[in-house]
Amino acid sequence: MPTRRAFLGQSAAVLGLAVSGRQVSAASHAPASLTARGASVQLAPDGYPATSIWGYEGRAPGPAIRVRQGERVRRRLINALPEPTSVHWHGVRIDNAMDGVSGLTQEAVAPGQ
Ligand SMILES: [Cu+2]
């Protein structure tokens, strides 16, 4: 059973990927890897302090992966977080073994892996 801290870390990483404002075509210039890492970003309006986040590519939201229905998506997850993590592809129809629920459908990716 994952600790509360581990679960929150995984959830934060998922949040960074699930909601995105930038569109990146997987066929053209999408990254071959997806790095989960900490960063400091300006979420609040100017004049407020930056917020420490765990996100993909150091962004919140992380990069969008935009593909046509039925197109195959493949990414290498690099965990630069201090906790184990995984990618949960919320709302995407995939094999259950790739659904990213650590300890249930697959093992978490350890820090540095
Ligand atoms: Cu989900």
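Which strand is Thr-35 found in? Thr-35 sits in β1, residues 33-41. This is a predicted model, where local features need pLDDT of at least 70 and side-chain atom pairs count only at pLDDT 80 or more, while totals for chains, interfaces and linings use all residues. Residues are numbered from 1 along each chain as its sequence is written, and side-chain values use heavy atoms, with hydrogens and water left out.

**View 1. The whole protein, with 1 helix and 3 strands.** Starting at the N terminus, the order of elements is α-β-β-β. Helices (H or I, at least four residues) and strands (E, at least two) are DSSP runs, numbered from the N terminus. Of the 113 residues, 27% are buried; buried means under 20% relative accessible area, exposed over 50%, and partly exposed in between (1.4 Å probe, protein chains only). The accessible surface adds up to about 7700 Å², and carbon and sulfur atoms own 53% of that. Those areas come from the Shrake-Rupley method with a 1.4 Å probe, and for residues only the protein chains shown count as cover. Take the contacts between residues at least 6 apart in sequence: 57% of them join residues at least 24 apart. Contact here means heavy atoms within 4.5 Å.

**View 2. Thr-35 in β1.** Thr-35 counts as buried, at 16% relative accessibility. Setting aside neighbours within four places in sequence, Thr-35 touches Gly-55, Tyr-56, Glu-57, Ile-78 and Ala-80. Arg-75 is 40 residues away from Thr-35 in sequence, yet their C-alpha atoms are 9.7 Å apart in space.

**View 3. β1 alongside β3.** The two strands run parallel, joined by 4 bridges; strands pair if DSSP finds at least two bridges between them. One spot to look at is Ala-36, whose bridge partner in β3 is Asn-79. On β3, Leu-77 and Asn-79 form the covered face, while Arg-76 and Ile-78 form the uncovered one.

**View 4. The largest nonpolar core.** Six names to find here: Leu-34, Ala-36, Tyr-56, Leu-77, Leu-81 and Val-87. A nonpolar core is a set of buried Ala, Val, Leu, Ile, Met, Phe, Trp, Tyr and Cys residues joined through side-chain atoms within 4.5 Å. Leu-81, one of the core residues, is in contact with Ala-36, Arg-37, Gly-38, Trp-54 and Pro-111, leaving aside neighbours within four places in sequence.

**View 5. Two backbone oddities in the loop between β2 and β3.** Ala-60 and Pro-61 are joined by a cis peptide bond, with omega at about 0°. Pro-61 belongs to the loop that links β2 (51-56) to β3 (76-79). Glu-57 lies in that loop too, and has a positive phi of about 60° although it is not a glycine. Glu-57 is partly exposed, with a relative accessible area of 24%.

**View 6. The copper ion and its two histidines.** The protein donors are NE2 of His-88 and ND1 of His-90, lying 1.9 to 2.0 Å from the copper ion. Donors are N, O and S atoms within 2.8 Å of the metal (3.2 Å for Na, K and Ca); water is not among the atoms, so the site may look incomplete. His-88 is partly exposed at 22% relative accessible area, whereas His-90 is exposed at 62%.
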